[in-house]
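I opened the notebook to look up charged pairs, a few helices and a strand hairpin. My entries follow in the order I checked them.

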Amino acid sequence: MTSFRLDQGGLIDRNAPLNFHFDGKAYSGFQGDTLASALLANGVQLMGRSFKYHRPRGVYGSGSEEPNALMTVGKGQEQESNLRATMIDLYEGLEAKSQNAWPSLKTDVMAVNSLMSAFLPAGFYYKIFLGSANFWLLPEYFIRRAAGLGRPNELANEDDFQHHFTHCDVLVVGAGLSGVAAALSAARSGASVTLVDEHDKLGGQGLWRESSQREWLHEALAELADYPKVRLMSRTTAWGHYDDNMVACVQIEGDPGAPLPPHQPRARAWHIRAKRVIYATGAIERPLVFANNDRPGVMLAHAGAAFAGKFGVLVGKSLVVATNNDDGYHSARILADAGASVQLLDARVEVSEALQDSLKGSNIELSLGQTVLSAKGGTGGVTAAEIGGLDGRSSRMVNCDGVLSSGGWSPSIHLHSHTGGKAEWREDLQAFVPGKRLQEGVAVGAAAGIFSTQEALNSGWQQGICAAQDLGHSISAGQAPTLGSPSLDTTPILPLWSNPKPKKVKGKAFVDFQNDAGASDVVMANQEGYRSVEHLKRYTTLGMGTDQGKTANINGHALLAQAQGRAIAEVGTTTFRPPFTPLTLGAFGGPHVGEAFAPVRRTPMHALHEASGASFVEAGMWKRAEWYSRDGEDMWASIKREALHVRRAVAMCDVSTLGKIDVQGPDAQEFIQRLYCNGMKTLAIGKVRYGLMLRDDGFVFDDGTVARLDENHYYMTTTTANAAAVLAHMEYHLDVVWPELKVRVASITDQWAGMAVAGPRSRDLLQAALPHVDMSNHGLPFMGFLDTELAGLPIRVLRISFSGELAYEVHTPARFGPQVWQALSETGKDFDLMPYGTEALGALRIEKGHVAGGELDGRTTPADMGLGKMVAKKKDFIGRLGLLREGLSREDRPRLVGVIPADGRSRIIAGSQLTEEGQVGGFGKVTKSLGWISSAHFSVEHDCFVALGFVESGALRQGQTLFAASPLDDQHLPVNIVSPHMIDPQGERQNG
Amino acid sequence: MDKPFRLTDAGLLSKLLPSCPGFELHERPIAALWQVAAFKGCGSALAGKLAGLFDGQTPQVGKTLAADDMALIWSGPDQWWLTSETQSQAVLGERLAPLVSPDEAVMLDLSHARCCLRLTGERRFDILNKSCSLDFLSFQPGDVAMTLVEQLAVTLLAVDQDTTYLYVTSSFAQALVDYLDHGAAEYH
């Protein structure tokens with residue numbers, strides 16, 4: 001056991017012990033621990049295996065930068081993989097498993113890869129491709145199995161996820177000292193403030209570094225909590241900064257892997273729209289790059305200090321801390337004060353007196369001009385380190401149980417970069433800081449490259465005031481507090497990107513731990529021509545993975561610059577893109593899963609259909625009654641019964657879903673004229689006309705009916721599917737193309753319920769229901785309408801037919817829909833009225849040869865559908881010029897035909913290709929297609945399947961036998977081409 | 001036939017509307033809802049005439065006016081809704097018609113096309129903000145917003161500090177209530 005829990009200290013609650021399991025073994029920790037800190041406290045250093053070489057790995061960081069300690073947590077549907085142990089708050093009963101190891105974490109068979117690492121450098125699989133693409137197929141399976149992270153949960157996730165929008169004047173990302181200072185000064189100035197932080201406690205490292213900081217943070221956070229316009233959000237990661245200052249965050253509300261009570265969200269996705277954003281996102285420590293720097297027990301110096309200070313866990317008793325900057329002294333001091341024996345190696349030969357004085361009173365042994373060259377150890381942790389000068393000579397081995405390094409700090413500029421902001425290289429810091437910005441976001445504290453505690457706090461305080469004042473808030477926030485922490489940044493950082501490797505030492509020096517990319521890989525990539533940082537990333541995978549190179553990028557880019565003899569500023573850095581850290585996909589989906597995936601639209605008569613045993617089909621967002629089952633019928637029996645009843649008696653169908661548009665204005669007639677390709681000018685008041693609408697390119701857009709209510713008032717219907725598109729089409733032309741027309745259009749789909757009453761007895765039924773109205777052919781002829789009342793309710797009766805039978809549509813204001821339906825049903829009992837659904841509706845219109853969605857597919861012209869004669873010759877209309885194109889008027893274009901199976905019984909499949917004999921090759925492939933089946937259904941009149949389709953020179957082929965080929969269904973069916981009007985071609989039924 | 005109407009009464013909307021501590025949802029009746037829309041360039045003239053119904057108060061973009069159990073709700077550029085919970089569609093139409101010159105504007109009955117939901121309680125904005133991006137901190141009494149709630153186009157009306165009205169197309173009313181119910185569940 002090389003690490004342990006300290007007797008005191010830390011932010012944990014020692015009165016709240018928690019039990020948990022890791023790889024099946026029981027451990028305990030405390031409330032306030034993370035999984036990583038609790039494992040370390042129990043002496044567990046081995047926490048994972050690396051992605052490619054399966055090298056043993058331990059925890060490396062203490063926060064969201066963690067590249068190594070990835071865990072699978074929970075079981076069953078709650079199980080989540082690839083979670084960073086440093087970000088999992090411990091809870092009672094937590095169950096964690098290691099990943100990417102078999103049969104066990106300690107004895108992983110695939111660790112053999114490590115022995116073969118010389119043959120598996122970065123990009124080795126690309127080189128396999130170079131030989132033979134086919135050869136790749138053989139090793140690919142094994143490579144993919146051997147490499148990887150955790151396995152995704154294949155069970156359906158039934159967790160609740162929520163979305164939430166909010167607004168504020170000032171959003172502060174990061175609740176360390178500078179962030180809290182910014183939030184407080186902005187709040188005191190009168191601004192509304194949201195403060196988010198990814199950790200469970202707001203306050204950052206100030207909570208455990210110094211008592212003066214801790215006290216001020218507690219006071220400041222308490223004051224912030226009292227402001228009504230301040231929102232404090234912990235466990236909330238700001239993962240993306242988008243246009244107009246929309247910052248996307250995810251807040252973890254339910255512990256990963258833990259069962260949740262009903263309706264408790266697992267996570268909440270926040271969309272925060274802020275007028276100003278302050279990035280107090282801190283900085284990420286870089287490791288030093290040396291041989292075997294990935295052994296369990298090797299970690300960032302700051303992480304070691306954080307485990308001691310925040311969690312009361314000492315990561316080792318005898319530690320080597322190597323640094324090239326002043327902050328390593330802070331970390332070493334914290335570790336030494338916690339009881340560790342610390343040997344501090346500073347690569348710099350000279351440092352300030354003040355810095356050296358900061359170690360006084362501790363038992364830290366300082367060696368200048370020294371660094372760590374190699375770590376020695378295995379799955380059990382570090383046992384020794386080889387240390388020496390930067391020349392790599394005169395090295396010596398020292399025993400230790402932990403090696404910690406600090407290679408400098410990289411400001412966390414991710415959110416700034418998301419907005420397109422530039423990164424600027426600061427030579428004095430050896431780091432990129434936020435440069436030119438494109439949005440109202442500003443960095444403070446370490447995120448801006450300000451590492452002195454007091455200066456960082458001051459920067460936050462000042463920017464909080466500036467943001468508030470920019471927005472017109474002028475209340476004085478007072479002066480920034482003085483915490484009395486003197487700056488020790490008195491000796492410049494020494495650029496140190498890769499330590500020399502002692503002779504006889506085996507093992508890679510890793511730059512990107514998660515992707516097993518080493519310093520040698522960077523050099524090799526450069527040698528092979530991958531000279532851009534972006535190419536380096538793709539070739540070596542450096543900077544990819546769940547950590548996105550948080551600890552790796554700068555080292556990697558610096559090594560590339562070194563290899564090219566260029567400055568780091570010249571080489572640049574890769575582009576940071578959202579998300580900042582991995583997110584659960586559930587948070588993106590939010591509540592929109594299953595039945596709630598999209599809103600459901602119901603007709604006014606929906607409940608009546610449910611009561612009548614209807615099955616529903618989704619038509620856009622509508623739920624439409626598809627068929628009504630009776631007496632245990634199956635679907636086909638129901639459909640046939642309903643369709644036959646329309647042909648023989650009378651039945652009623654809910655057509656409320658049809659789009660309905662009100663058109664009014666002095667220029668309404670002119671507008672309607674231009675909108676439809678057929679003549680509308682002669683449409684008389686009280687009459688209805690079928691209309692065909694084209695797109696600009698001449699293809700049919702939609703069809704429907706137009707009823708003229710008044711001189712300047714029209715009542716249009718559209719297809720269900722195109723209702724919104726047609727309205728948008730009309731509004732576009734009124735707003736943009738013909739703004740001079742005085743016309744207003746509006747959707748009235750929801751205002752009116754509609755029901756089609758169809759069948760030879762429909763007139764009798766309506767006459768019985770409406771004894772005060774003359775329903776004869778004279779009183780209400782085909783394509784006429786009238787307004788009247790039924791049972792005291794207003795209705796509009798339109799004499800139109802989609803089924804080809806004598807038929808009417810009864811429309812009524814929506815709230816009266818159920819009453820009118822029931823009134824007609826009541827009267828209909830004497831006529832054996834029954835409801836019919838969309839399946840029967842489709843079957844009937846196909847028999848009749850009426851076109852619908854299958855035919856109006858955007859590829860057909862009026863002539864293609866046999867409606868060419870409708871097109872007006874003497875007026876202009878949308879699509880007229882497009883329709884004149886030569887290709888659209890050719891006689892041999894596919895034209896609408898009826899199709900009947902030659903054997904009179906086989907089922908024709910919609911989508912089949914129509915072809916001649918001998919035009920179907922191997923695997924059913926159609927070598928020459930003459931057309932296609934657009935829609936098909938069972939015909940009750942013909943007692944077999946019938947179809948509509950388009951075939952070249954359509955009418956001329958009537959009487960021919962072709963083949964309907966559907967390779968996907970392995971069908972090659974002889975069919976007869978007939979007239980599309982497969983019943984009542986003269987229209988005697990509907991006109992009767 | 002013009003009596004105040006509620007989808008809940010007609011069985012078109014669940015009678016059991018969701019509620020939780022800090023949130024209550026009720027349906028308000030709509031007796032009449034007329035949409036009046038001006039032609040291009042006629043918006044000001046129409047607004048001036050509509051002011052006559054509201055003691056000379058001029059309708060403004062994004063605002064509502066109320067008087068005599070009527071409300072005038074801005075519903076888009078040069079377009080308003082005149083609605084009432086008690087005055088019938090016919091009565092309200094008769095009051096509106098003289099103000100609407102056929103050369104300036106058109107009027108359209110949408111009394112059946114919308115459902116009005118009344119949201120009260122301090123939690124209502126938390127629940128609405130789950131799917132509505134509106135900044136409710138700046139949504140003050142008298143304000144009107146045409147926005148989206150759960151992908152659905154709605155019109156929101158800030159009645160007073162404690163009450164918000166939500167108008168949604170009737171066919172989506174149940175879907176919206178289901179969403180609000182789900183959003184309220186965590187506060188039970």
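**Entry 1: Arg276(A) and its partner.** I looked up Arg276(A) in this predicted model. Its relative accessibility is 17%. The cut-off for buried is under 20%, so Arg276(A) counts as buried. Next I checked its salt bridge. The partner is Glu440(A), with the closest N and O atoms 3.7 Å apart. The pair links distant parts of the chain, 164 residues apart. Arg276(A) sits in strand 14 (residues 265-279) of chain A, while Glu440(A) sits in the loop between strand 27 (431-434) and strand 28 (441-443) of chain A. Is Glu440(A) buried or exposed? I found a relative accessible area of 35%, so Glu440(A) is partly exposed.

**Entry 2: Glu941(A) and Arg647(A).** I turned to a second salt bridge. The side chains of Glu941(A) and Arg647(A) meet at 4.0 Å, N to O. Glu941(A) lies in the loop between strand 46 and strand 47 of chain A, and Arg647(A) lies in helix 19 (residues 635-648) of chain A, so the pair ties together parts that are 294 residues apart in sequence. I compared burial. Arg647(A) has 4% relative accessibility and counts as buried. Glu941(A) has a relative accessible area of 26% and is partly exposed.

I then asked which residues are linked in a network of salt bridges with this pair. The network holds Arg647(A), Arg648(A), Glu805(A), Glu847(A), Glu941(A) and Arg989(A).

**Entry 3: another pair, and the total.** I noted Arg880(A) with Asp876(A), a salt bridge at 3.0 Å, N to O. Arg880(A) counts as partly exposed, at 29% relative accessibility. How many salt bridges are there over all chains? I logged 57.

**Entry 4: the hairpin.** The loop with Glu941(A) lies between strand 46 and strand 47 of chain A, so I looked at these strands next. Strand 46 covers residues 931-939, and 9 of its 9 residues are buried. Strand 47 (residues 944-952) of chain A runs antiparallel to strand 46, and 8 bridges join them. Ser939(A) stands opposite Cys944(A). The hairpin has 4 residues between the strands, and there Asp943(A) takes a positive phi near 55°.

I also checked strand 45 (residues 913-915) of chain A. Strand 45 is joined to strand 46 by 2 bridges, again antiparallel. Here Leu914(A) stands opposite Gly931(A).

**Entry 5: helix 24.** Glu847(A) from the network is also among the buried residues of helix 24 of chain A. I looked up the helix as a whole. Helix 24 spans residues 838-848, and 10 of its 11 residues are buried, so it is largely enclosed by the rest of the structure. The buried residues include Thr838(A), Leu841(A), Leu844(A), Arg845(A) and Ile846(A). Gly849(A) follows helix 24, with a positive phi near 85°.

**Entry 6: helix 4.** Where is the kink in helix 4 of chain A centred? I found it on Pro139(A), with a bend of about 45°. Helix 4 (residues 133-146) has 14 residues. From first C-alpha to last it reaches 20 Å, close to the 20 Å expected at 1.5 Å a residue. Its buried residues are Trp136(A), Pro139(A) and Ala146(A). Pro139(A) is thus listed both at the kink and among the buried residues. Just after helix 4, Gly148(A) takes a positive phi of about 150°.

Methods:
Residues numbered from 1 in each chain as written. Chains lettered and ligands numbered in written order. Predicted model: local features only at pLDDT ≥ 70, side-chain atom pairs only at ≥ 80, totals over all residues. Heavy atoms only, no water. Buried < 20%, exposed > 50% of the residue type's maximum accessible area, 1.4 Å probe, protein only. Pairing = 2+ DSSP bridges. Expected span 1.5 Å × (residues − 1). Bend = angle between axes of the 7 residues up to and from the residue.
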